[in-house]
Amino acid sequence: MSYMEELQNRVNTIKQGGHEKYHERNAANGKMFVRERLEKLFDNGVDVEDAFFANCADDTLPSDGVVTGIGTIQGQKVCVLANDSTVKAGSWGVRTVEKMVRIQETAEKLEIPMLYLVDSAGARITDQVEMFPGRRGAGRIFHNQIKLSGRVPQICVLFGPSAAGGAYIPAFCDIVIMVEGNASMYLGSPRMAEMVIGEKVSLEEMGGARMHCSVSGCGDVLVESEEEAITFARNYLTYFPANFRSKPNITDSIDTKKMDQTIADIVPENPNAPFDMYDLIDGVIDADSFCEIKKLFAPELITGLSRINGEVIGIIANQPRVKGGVLFPDSADKAAKFIQLCDAFNIPLLFLMDIPGFMIGTHVERAGIIRHGAKMLASMSEATVPKISVVVRKAYGAGLYAMAGPAFEPDACIALPTAEIAVMGPSAAVNAVYANKIAELPEEERAAFIKEKEEEYKEDIDIYRLASEMVIDAIVQPNDLREDLINRFSVYQAKNVTFTERKHGVYPV
Amino acid sequence: MNEVKASMAGSIWKIVVDEGDSVTAGQDVVVLESMKMEIPIAAEKDGVVKSIVKAEGDFVNEGDVLLVIE
């Protein structure tokens, strides 16, 4: 055998990954082989792959269970690490970890996005001294992720388990896409939970994809198949620049989706009646451009990337259809992360307000709604990208603040004619001010008194009065909203400000 | 069997179905009033209303069962 043949043979063997039976098991579970995933992810396969021969001295560990390299997604070069679950269940040995650390360092050096295709059982206990505690042990992977955060987009696609320490890889990414049925995240397996704390629980219940995307908020996007996950990741990247130094690409403007209703039809006159905020979003953005993040988690607040006149815009919108659009600890948390994501990568923000305020009551106070709400305010306040807030209907109490109200330096706070801005709604306010007086009145006079005071209150907070006081910058016809936003965003894109000088804030986490 | 639960704390403003009614997934079955807002609660599954657990005017906490669909 010539040396050329030897190389070719070795390459061929390593490329096949682990034992045939593991390939069969993957196929039975709807899972692709790691190299097949990469073929589908990239425009033209992997461009550059390093440490392909890692651990080739041991022929049971091809590439030491992880593929690392650079490929192209819709014209953009990206770094990738992808676990091979056919090699010791994708577990991490010392060389696996070193490969992962090195590709992160490459992403940092080249300032290009970093993708994590995770499908791993976690650390190889047999290698622990070499791969766990040291300077270039697994801890360095997380340290690098934290350092890369906000410098380059970091995307995690979870195809399988991400267990124990490994569960922190998704935790430090900008976005986590999870395949239902196969993806999971947990610190201790159900077996361990039963052994250590005596809990009997299924994997799906404790750390499954649907649970994380709808309850814990550790997952952002739930998909049904690996193909769908890859398609989502490819599309998601089109909304982002390569790094924090640049802006997202502008595409051709597309008209809004064809709709039966205008924005004026969508917003009901009764301020307490629900409507579907998705309809209003459709009335403003380019057709089919909405890329929703955390759709299943805290749905009383909608967050997503979109395009308006071809320009990428991040939308934060209250959803009156769910829980009245009231902010809860989870929705505030969801908003805080999304705002940070957009601000980090120069994506302007649009706040669509219809909010009765933050939730009150024992349940949410015990859950720390004040500090979770403070998180949202802090991220929103610190965001220096162009920011426009639109008062669609109600903006009551701290809800106005959290949704980029006038005090938080939005480039504009504009209102539709249906807008109502106040500390609280009319009936709550009248009750708060006149409760004693109402109680003293004879029963038959109360209704008339309340109505009179409510009318007075409504006049006091009339939207034209607030425009007169220059609280809001403009009142816009509902059906001209898109046009107005296009004009404003095109003007504000020149904005270049620094929030304040300091090392960093002491955040209300 | 499927339990329809309160999505948030509030009082029951309207129960818009009766026991024995057929409902489809996504159909509003109860309207809560909370934070001065009308909060529609929809059935998650198709079925027949087996029992109505709460009455109009009752205060309910997040997660309380409002009615049961079979």
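Two strands pair if DSSP finds at least two bridges between them. I kept that in mind while going through this predicted model.

**Entry 1: strand E14 of chain A**

I began with E14(A), residues 412–415. Which strands sit beside it? On one side of my list is strand E13 of chain A, residues 387–396, joined to E14(A) by four bridges and running parallel. I looked up one of the residue pairs, and Val391(A) has Ala415(A) as its bridge partner in E14(A). Next came strand E16 of chain A, residues 474–475, which pairs with E14(A) over two bridges, again in the parallel sense. Here Ile414(A) finds its bridge partner in Ala474(A) of E16(A).

Are the faces of E14(A) covered or open? Both are covered. I noted Ala412(A) and Ile414(A) on one side, Cys413(A) and Ala415(A) on the other, all of them buried.

**Entry 2: Pro426 of chain A**

I then went to Pro426(A), which lies in helix H18 of chain A, residues 426–440. Is Pro426(A) buried or exposed? It counts as buried because its relative accessibility is 10%, and the cut-off for buried is under 20%. Leaving out residues up to four places away in sequence, I found that Pro426(A) touches Tyr396(A), Glu420(A), Glu454(A), Tyr457(A) and Lys458(A). I also checked a distance: the C-alpha atoms of Pro426(A) and Asn29(A) are 56 Å apart, with the two positions 397 residues apart along the chain.

**Entry 3: nonpolar cores**

In soluble globular proteins, nonpolar side chains tend to be buried together. I looked for such groups here, and the largest nonpolar core has 94 residues. Which residues have the most contacts inside it? They are Ile177(A), Tyr236(A) and Leu305(A). I followed up Tyr236(A): beyond its neighbours within four places in sequence, its contacts include Ile155(A), Asp174(A), Cys291(A) and Leu305(A). A second, separate core holds 32 residues, among them Val101(A), Tyr116(A), Ala138(A) and Leu158(A).

**Entry 4: chain B**

Over in chain B, I found an open sheet of four strands in the order E5-E4-E2-E7, with antiparallel pairing. Its edge strands are E5 (37–42) and E7 (59–60), each pairing on one side only. Strand E2 of chain B, residues 10–15, pairs with E7(B) over two antiparallel bridges. The bridge partner of Ser11(B) in E7(B) is Phe59(B).

My last stop was Asn2(B) in strand E1 of chain B, residues 2–5. Asn2(B) is buried, since its relative accessible area is 10%. Setting aside neighbours within four places in sequence, I saw Asn2(B) in contact with Glu44(B), Lys45(B), Leu67(B), Val68(B) and Ile69(B).

Key:
Residues are numbered from 1 along each chain as its sequence is written. Chains are lettered from A and ligands numbered from 1 in the order in which they are written. This is a predicted model: local features need pLDDT of at least 70, side-chain atom pairs count only at pLDDT 80 or more; totals for chains, interfaces and linings use all residues. Side-chain values use heavy atoms; hydrogens and water are left out. Buried means under 20% relative accessible area, exposed over 50%, partly exposed in between (1.4 Å probe, protein chains only). Contact means heavy atoms within 4.5 Å. A nonpolar core is a set of buried Ala, Val, Leu, Ile, Met, Phe, Trp, Tyr and Cys residues joined through side-chain atoms within 4.5 Å.
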